[in-house]
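Could you take me on a tour of this model, stop by stop, in my viewer? I would like to know what to select next and what I will find there.

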Amino acid sequence: MNTAAPATIDLLLVTGMSGSGKSVALTALEDLGYYCVDNLPPELLQPFIALEQSHGARKVAIAIDVRSAASLPVLPEQLDLLRRSPGLSVQLRIVFMDATTDTLVRRFSETRRRHPLSLHHTDDDRHRLLTDAIEHERELLSQLREQAKVIDTSLLLPAQLRTEIKDLIGTAQAGLTLVFESFAFKRGIPIDADFVFDVRMLPNPHYVPELKPLTGLDAPVADYLARQADVQRMEQQITQFLQQWLPQMQADHRSYVTVAVGCTGGQHRSVYLAERLGAAFGADWATRVRHREAASWPAAKLRS
């Protein structure tokens, strides 16, 4: 008689806003060897995972979203049952795909698809009803969003989103993962950020002719910023703040914390500080660094 414990299933629950890129995410997960199911009713979650475990599945990704609006309120309870089920061995992660309302409206308008929560409408009231449906969807999914790793797809191309998903899967699954993200305020604040630090008041290499086409990844820019007392003070204060609160966030069972550092163009100061913070915290935490505006850097275009 075989009494060996069942293999643990790596279960990725993909949820989020309609039009935010869940289909792209599922395709990327299939490429990574996950068995993917789209639009599974929440009531079937536990029996489905039990079935997959009996078949020896190791990696499963399931998309559940507002298309199951009638049964969506029971999803938190189903997830709790799944975690506590004595016959199942599941390592659950939740990924929430999000984008700004303006971005979602534009995507639906371009594709002419109907939002799952929108009623039949005329062209005259399409925009208003679509916006109302998106805001209602945010309310319905708000509890799930609080438990999830949020990915802001507002400015991501499909290829960039696939890379983001692959990087996410490659990150250590135990403990808390820190994500340091540089961005440009002129393109908006990342909606997946847990903390946002504004560094626009710091000395700007943009106004130094020989540094303007470079980025915070380049040694001349890094050397320039490292010599600035205000930059050093900002780095120290952000570091002290995170050191103070990260252990408590980990104790609160947070899986991901995204720290966004923004400057005007997302090319020099924010990039430098995101890299510095990533290196500083990398010794004690699972850490990732990403630069949202990298594709628009002049230096990146010159090197390509």
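Start by selecting K22, which counts as buried at 10% relative accessibility (buried means under 20% relative accessible area, exposed over 50%, partly exposed in between, with a 1.4 Å probe and protein chains only). K22 is found in helix α1; helices (H or I, at least four residues) and strands (E, at least two) are DSSP runs, numbered from the N terminus. Now show its neighbours: leaving aside residues up to four places away in sequence, K22 touches V14, T15, G16, M17, D65 and M97, where contact means heavy atoms within 4.5 Å.

A word on what you are viewing: this is a predicted model, in which local features need pLDDT of at least 70 and side-chain atom pairs count only at pLDDT 80 or more, while totals for chains, interfaces and linings use all residues. Residues are numbered from 1 along each chain as its sequence is written, and side-chain values use heavy atoms, with hydrogens and water left out.

Stay with K22 and add S18, G19, S23 and R113: these five lie nearest the centre of the second largest pocket, which is lined by 16 residues. On a 1 Å grid over the protein atoms alone, a pocket is an open set of points where a 1.4 Å probe fits, with protein on both sides within 12 Å along at least five of seven lines; lining residues have an atom within 4 Å of a point. The elements giving two or more residues to this lining are α1 (22-31) and α4 (101-111). The second largest pocket holds about 350 Å³ of space, a volume being the space filled by probe spheres set on the points, which are joined across faces, edges and corners. Its lining divides into 3 nonpolar, 6 polar and 7 charged residues (Ala, Val, Leu, Ile, Met, Phe, Trp, Tyr, Cys and Pro count as nonpolar, Asp, Glu, Lys and Arg as charged, and the others, Gly among them, as polar).

Next, go to the largest pocket, with about 630 Å³ of space. Select Q147, A148, H253, R254 and S255, which lie nearest its centre among 25 lining residues. Colour β4 (90-98), α5 (126-147), β5 (149-152) and β8 (256-263), the elements that give two or more residues to the lining. Of these, β4 gives the most, with 4 residues.

Now for a helix: select L45, F48, I49, E52 and Q53, the buried residues of α2. Look down the axis of α2: they fall within an arc of 135°, so they line one face of the helix (the arc is that of the directions from the helix axis to the C-beta atoms). Their cover includes β1 (9-16), β2, β3, α3 and β4. Just after α2, stop at G56, whose phi is positive, near 85°.

On the other side of α2 in sequence, pick N39, in the loop between β2 (35-38) and α2 (45-54). N39 is partly exposed, with a relative accessible area of 29%, and its phi is near 65°, a positive value in a residue other than glycine.

Finish at S71, in the loop between β3 (59-63) and α3 (75-84). What does S71 touch, not counting residues up to four places away in sequence? The answer is P42 and E43. The side chains of S71 and E43 are joined by a polar contact of 3.4 Å (a pair of N or O atoms within 3.5 Å; within protein, one must be able to donate a hydrogen and the other to accept it, and residues adjacent in sequence count only if both atoms are side-chain atoms).
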